Amino acid sequence: MRKLTGRVSKKRGLPPGALVHVGDKKAENAKILVIDYNENNYNICDSEGLAECRSPMEKPSVRWVDIVGIDRVEVVAEAGSVYNLHPLVMEDILNTSQRPKLDDWDGYTFIVLKALHFDEPGGEITAEQVSLVLREDTVISFQEIQGDDFLPIIDRIINNHGRIRKLGADYLLYTIIDSIVDNYFVILERLGDRIESLEDEFLSDPQKDTIHRIHSLKREMIFLRKSVWPLREVISRLERGEGGPFENTTMVYLRDIHDHIVQIIDTVELFRDMLSGILDIYLTSVNNRLNEVMKLLTVITTIFIPISFIAGVYGMNFRFMPETEWRWAYFAVIGLMAAIGLSMFAYFKRKRWI
Amino acid sequence: MRKLTGRVSKKRGLPPGALVHVGDKKAENAKILVIDYNENNYNICDSEGLAECRSPMEKPSVRWVDIVGIDRVEVVAEAGSVYNLHPLVMEDILNTSQRPKLDDWDGYTFIVLKALHFDEPGGEITAEQVSLVLREDTVISFQEIQGDDFLPIIDRIINNHGRIRKLGADYLLYTIIDSIVDNYFVILERLGDRIESLEDEFLSDPQKDTIHRIHSLKREMIFLRKSVWPLREVISRLERGEGGPFENTTMVYLRDIHDHIVQIIDTVELFRDMLSGILDIYLTSVNNRLNEVMKLLTVITTIFIPISFIAGVYGMNFRFMPETEWRWAYFAVIGLMAAIGLSMFAYFKRKRWI
Amino acid sequence: MRKLTGRVSKKRGLPPGALVHVGDKKAENAKILVIDYNENNYNICDSEGLAECRSPMEKPSVRWVDIVGIDRVEVVAEAGSVYNLHPLVMEDILNTSQRPKLDDWDGYTFIVLKALHFDEPGGEITAEQVSLVLREDTVISFQEIQGDDFLPIIDRIINNHGRIRKLGADYLLYTIIDSIVDNYFVILERLGDRIESLEDEFLSDPQKDTIHRIHSLKREMIFLRKSVWPLREVISRLERGEGGPFENTTMVYLRDIHDHIVQIIDTVELFRDMLSGILDIYLTSVNNRLNEVMKLLTVITTIFIPISFIAGVYGMNFRFMPETEWRWAYFAVIGLMAAIGLSMFAYFKRKRWI
Amino acid sequence: MRKLTGRVSKKRGLPPGALVHVGDKKAENAKILVIDYNENNYNICDSEGLAECRSPMEKPSVRWVDIVGIDRVEVVAEAGSVYNLHPLVMEDILNTSQRPKLDDWDGYTFIVLKALHFDEPGGEITAEQVSLVLREDTVISFQEIQGDDFLPIIDRIINNHGRIRKLGADYLLYTIIDSIVDNYFVILERLGDRIESLEDEFLSDPQKDTIHRIHSLKREMIFLRKSVWPLREVISRLERGEGGPFENTTMVYLRDIHDHIVQIIDTVELFRDMLSGILDIYLTSVNNRLNEVMKLLTVITTIFIPISFIAGVYGMNFRFMPETEWRWAYFAVIGLMAAIGLSMFAYFKRKRWI
Amino acid sequence: MRKLTGRVSKKRGLPPGALVHVGDKKAENAKILVIDYNENNYNICDSEGLAECRSPMEKPSVRWVDIVGIDRVEVVAEAGSVYNLHPLVMEDILNTSQRPKLDDWDGYTFIVLKALHFDEPGGEITAEQVSLVLREDTVISFQEIQGDDFLPIIDRIINNHGRIRKLGADYLLYTIIDSIVDNYFVILERLGDRIESLEDEFLSDPQKDTIHRIHSLKREMIFLRKSVWPLREVISRLERGEGGPFENTTMVYLRDIHDHIVQIIDTVELFRDMLSGILDIYLTSVNNRLNEVMKLLTVITTIFIPISFIAGVYGMNFRFMPETEWRWAYFAVIGLMAAIGLSMFAYFKRKRWI
């Protein structure tokens, strides 16, 4: 089961800015991808160190440095010194238990996001921390593992698809955030499907493990919430221009992301409401079933106990029991028992217990 | 059962502004209605393409372009290029999982609303997305299906009823929003009736399916809420003048809509409170009934078990059981049993268990 | 049972400002009372039409036009045209499902309030809509039925009691609002008494209908809340001067009303807290009683089942049952049974089940 | 039991500013204490009327007029006319169902507070209304009954203890408020002790009356809350300078009170959380005990019913029951019963039911 | 068990600023540590009085006065007079039931924090109050007991590790706060581990003491919350510059602490959500188990009661019971019983009760 809290404690006592990786080791090797592009050209350099891809394109262009594998502290440290990042930024990049945030530093903007994925076999959501730095014409992205979220972006750059090659680094930043946020919808749809199937199944035949499935969905919701709520703040601050100079063209796209995030938050709230609705029903149906069980018990007991008592009476061994001598007594008693039993039955029938 | 979330995921990886219809196919054909009117004349053009209705009336007039069937992407695209809409606006028009919102674009205002209807047989609320664009003297409305919400408005234009022909495009926009919001009251009244009948029926005879009816009403409420809450924000922003230049005459009408929406929100909250009140009572009455059942069981058992035991004792086959030889023993024992049973009965009667 | 929502739907499709009465027919006839007064004189005109009372007093004076019976649409329409009210105001006056609000129109102020009364036999709160218009020196009030809320005010005007004859129309407006708000305290005290008697009775002997009484009190609370909450906003806006020019002398009285409303809101919240406290106790006591019942059942069953079994054993008809032949066996078995029964009894006694 | 709402309704219909005492008669006689002091001298005048203590000290000094027994309307009226208080202020002083508030009048400041005490035998909190007026160098305090809250202040004035003689009337006002707020801590500590003893006792042995004790503590909490919450607002407004000109020296003391009130509010919230925690546990333990009871019942029933049935079978009086003739049949059946009983017992033992 | 509220009441009646220690006696002796440092040198003086360490270093330097053992009132009083602290500040330092706060005094800043530790054997969180005063180049810290939180800081000063020796007193203040906040993460991780182990264990085998463990974790959470929530406000105010002149270099570190605190608050909220989730499941599983128990009881009773009745019937001693004479009657009855029993069993099997 996924840990609830990062092991931040191993940094206790160290001075602020100390570079320690907090999180699980995930990647085998660091992998660095440097993409330069402008409206006419593009150039991709794929290596394991920053040094090999230093030479920028001559014409004014956008550079995207994508660093995968932040548990290789030395690679992050190198990028930090090349792009002159503050030690606290470095620390935040390495600490994967950050919450999404935007910090506006002198000359550059630092954004932390959570990219969410479904861990297929178990169906758990996993979060990967993505840190973004926007410095003039350069976007630097730090990922924990190699994912496929960024492939369509690279594709669009190579194929000059859409407006990406015509616009600046701020649009690239937007595109990266957008590709991460788009993925949240995929997660939401999956969760929505699971809630709906739970609900359907549930109305027909409530099972004993339902409560655990509700609980696990709630956990996922809490997890999702933890990633998405602070993101709204991040985008709002970008819209208010706190994340440095965005062009107007990009601004309208930010508003679009903002709408998406609000929609995601709405949906998460909707899911939470539905889950508590399902829980209410579940508890009620558990109680109702108990009622059914008790009714059956009571009906059976109430019908048979009195007539068993009568049988008991005539099973007594007293010498003088006049009725036992009568010829039709046995049949009379059997008839009496049947009458009692049937009238009880009718009574419960009328009360709709059976 | 209605889906909780739109299938936004099929847009994953596409650049922003890509035109993909998200939602169910609903309409057979696109249908376009262009109405030009001023204080003196009006002209209606009904076709399947925009091109055929291009020629505006000579005198300054208001034009209303009503496009039905947004799953015909090419028709929306044509309208977008004719009226010069931003690709993100086009995308939002086509994506029927939008939440209500107002975007203020350069030169035009874009509003997304949800028109709600009762899906008669099942009694579920269905939402249809209505997108509105206000550009100078033109209002463009995009609907998913042909509904009858707009007929009274067309009627008023044709018959020069009310003030609509005397006022501008902003009043037309208001009229359209108003006709949609008015319909919410119809929905509310239906839900109110269902809650009240649930409550009445419920106090007299709580049924086992009550919990499911409560649950389904709660779902409808959540659905309604999702459509109405953001609308308040939309109207507030229009009132604050963020949706472009509204005339003062129209402004007071906006305030009226605002009041309506607040009233709707109040009522939805009221309904929620009532539903949870009903749920509380339901749970309590389930518990109370369990108590009744258990009391009956206990009374029957407690009366008969001791006297059955006595019968059991005298049913033992010991050779030396002096009492069994006595002449009136049988009747004495019967009397004893009756005494025990009756005193138990009296005890429970006094404790008001029966 | 009182309807939760007004039948606003009958206005669907009509243009805004259409004059349709929404609500129950309550009054037989419209009744109009026009009171002119200044520091020295007063003049009362009581009729069924506005026209007959037109002539104002010569000296600068305050005029109060009190119109009872708003289901007579033509009377309201006449007042509207005499005092030049906007069609939307007229619509709001006629629509008795309005929530309390203040609208500041050009030249006059429009206020909607709810006057609350106890419907005596059933003990339900009923709300009557009171609309107030303040235009210069004139206050126009619209009531649904003839109540006695305004009698003390008329009395004070006639008898020149208090400051009312010395101050202007704004003070008259305040006085009317104050008389309505004062009545809320009467409602609150009644509800408070009912809650307290519920609580007292309840701690001594919880009844089965308690839950319904709690539910009905909660309904009243929701109803009260719906009338009072928006009123706070109305008064706040008056205090901020949004309702036109109030004199400083009247201002301090508005602050007084504001304090009253906040106190009412506090008390309603307090009542809600107490009701949920009572509900908690009720549910717990239901559970506790179930426990008592089950304990009794278990004690009886547990004591008698084992000894009944022993009786059953010696009731078997085997030929060779050596014990049955022994002389004191019967008494020994009876003794054994008594020992088992008594030790069980002692066990439960020690466990405090009985 | 203390009333939830004051009997404000007896003022219904009266003009605003009418002097009617709302509350219980508490004091026998009005008692007036006038203390004049400056850095060098002090003078105390103790009487039953204001007139006798009119002569102020010659040198610039602070005057504190303490009026006890506000149900003596005439005394309050006299003070009101001497110090020129607005009729609404007089009304508020007499109405003991006020909530804490600060009103800034022309030339003076009016503050309403609640002094809380423990009513010893029953352990209920009682509230006494204290009204304070600060007018230039004079503080007038109105109390319902003679309490001992103000004794330490008088003591400090007489003995020139602390800074009180050196500072002005605003510091005196602060000191009075502070002495009332300090008393809240005493109340809190008592409630805290009761909650803790409830909790301790509770974890060891939950009793049936626990729910009533929780309920009564909750009531006290609601009561406390009603007195303290509005007080925060009062102090905040004093700090913002809305209560007239406070000297900087006194300002820092106000901040201190503010901190105290926030701490009290925190603690009340903490207590509420703890009480609902205790309630949760209580309900769970009630359920758990029901489970225990039911398990015992089930174990006993399940062990004895099958073997009783066997005994029943061999108690039948058929002529041809071959087993009954066998020599060891009786012992075999007894053995069979023991085997069944013991295996059942073992089964429940393994399932940890016993 | 830790007390919920400090014994503030012993200060009742004393004038504000009276120096009384509120809290448990914790330290044996007061211990004073004075550290002077600048970029080049440092000097440490360790004694039991302030006087012995008076001489500052000549060059402009930072001085840190660390006073341990605030129950020694005289030592605090001495520091107060040396550094000219306001009596209210002194009072707050001594009153260990303060909530975290920041007060901006003339010339110095006063901060109260809570340092949290795990009390190892019982696993309870204990809070120690740390008061900080920043006056120009001096930081004075007051602790209740000698902890090891500050050792790494002293270490860094001695070894000139990190930036601490290069920056001013504001950075020292930050470092102290940071070391306290860092410790909260340790607490959080421990609590997280306990919640997770509770959850794991719980899903497999819910125990009866689970409810108490949930309760105790909730208590810890409330405790944590009480310490952390106000701290956010403290840091926010420092960031807004209310705590005096902080250098820009230190400002970015404050933002870092702010992020940490927000993360802690998020996590506490997450834990609360999880705990209530666990409680929900627990209650449901208790109910489910009751259901299981009742089902077993019902199955056993329902199978055996009818066939025991049959046995009872044929145990009656009537003279004329024709069936008893038939040869195969006994076996027929046994067969009938088996048939009834098995069909009941099959019925319950199909209903999945067993």
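A residue is termed buried if 20 or more other C-beta atoms lie within 10 Å of its own, exposed if 12 or fewer do, and partly exposed in between, with C-beta atoms placed from the backbone. The structure is a predicted model, in which local features need pLDDT of at least 70 and side-chain atom pairs count only at pLDDT 80 or more, while totals for chains, interfaces and linings use all residues. Residues are numbered from 1 along each chain as its sequence is written, and chains are lettered from A and ligands numbered from 1 in the order in which they are written.

Under the burial criterion, Asn84(D) is exposed, with 12 other C-beta atoms within 10 Å. This residue sits in the loop between α1 (73–82) and α2 (87–94) of chain D; helices (H or I, at least four residues) and strands (E, at least two) are DSSP runs, numbered from the N terminus. Although Asn84(D) is not a glycine, its phi is positive, at about 60°. A positive phi, near 50°, is also found for Asn160(B), likewise a residue other than glycine. Asn160(B) belongs to the loop between α3 (151–159) and α4 (169–204) of chain B and is partly exposed, with 14 other C-beta atoms within 10 Å.

Chain A contains eight helices and seven strands. The C-alpha trace of chain A spans about 125 × 45 × 30 Å along its principal axes. The radius of gyration of chain A is 34 Å, whereas a compact globule of 354 residues would have a value near 20 Å; the radius is taken over C-alpha atoms, and the globule rule is 2.2 Å times the number of residues to the power 0.38. Of the 354 residues in chain A, 43% are buried. Contacts are assigned where the C-beta atoms of two residues, placed from the backbone, lie within 7 Å. Among contacts in chain A between residues at least 6 apart in sequence, 66% connect residues at least 24 apart.

Within chain A, helix α5 (residues 210–239) packs against helix α6 (residues 248–313), their axes coming within 9 Å and crossing at roughly 160°. Axes are lines fitted to C-alpha atoms, for helices over the stretch in contact, and angles run from 0 to 180 degrees between N-to-C directions. The crossing angle therefore makes α5(A) roughly antiparallel to α6(A); angles under 35 degrees count as roughly parallel, over 145 as roughly antiparallel, 65 to 115 as roughly perpendicular and the rest as oblique. The crossing of α5(A) and α6(A) is left-handed, a term used if the near helix is turned anticlockwise from the far one by less than a right angle, with right-handed used if clockwise. The contact of α5(A) with α6(A) involves 22 nonpolar, three polar and six charged residues. In this classification Ala, Val, Leu, Ile, Met, Phe, Trp, Tyr, Cys and Pro count as nonpolar, Asp, Glu, Lys and Arg as charged, and the others, Gly among them, as polar.

Between chains, helix α6 (residues 248–313) of chain D packs against α6(E) at an angle of about 20°, with the axes 9 Å apart. The two helices, α6(D) and α6(E), are therefore roughly parallel. Their crossing is left-handed, and the contact of α6(D) with α6(E) comprises 19 nonpolar, twelve polar and three charged residues.

The contact of chain E with chain A takes 52 residues from chain E and 46 residues from chain A. On the side of chain E that touches chain A, α3 (151–159), α4 (169–204) and α6 (248–314) of chain E each supply at least two residues. The most are given by α6(E), with 31 residues. By class, this side of chain E holds 21 nonpolar, 18 polar and 13 charged residues.

Three buried positions were examined individually. Ile176(D), in helix α4 (residues 169–204) of chain D, has 23 C-beta neighbours inside 10 Å and so counts as buried. Leaving aside residues up to four places away in sequence, Ile176(D) touches Leu132(D), Ser141(D), Phe150(D) and Ile153(D). The C-alpha atoms of Ile176(D) and the loop residue Asn84(D) are separated by 22 Å, at 92 residues apart along the chain. Tyr108(B), in strand β5 (residues 108–119) of chain B, is buried, with 20 other C-beta atoms within 10 Å. With residues up to four places away in sequence not counted, Tyr108(B) touches Val133(B), Leu134(B) and Arg135(B). Phe223(E), in helix α5 (residues 210–239) of chain E, is buried, with 20 C-beta neighbours inside 10 Å.
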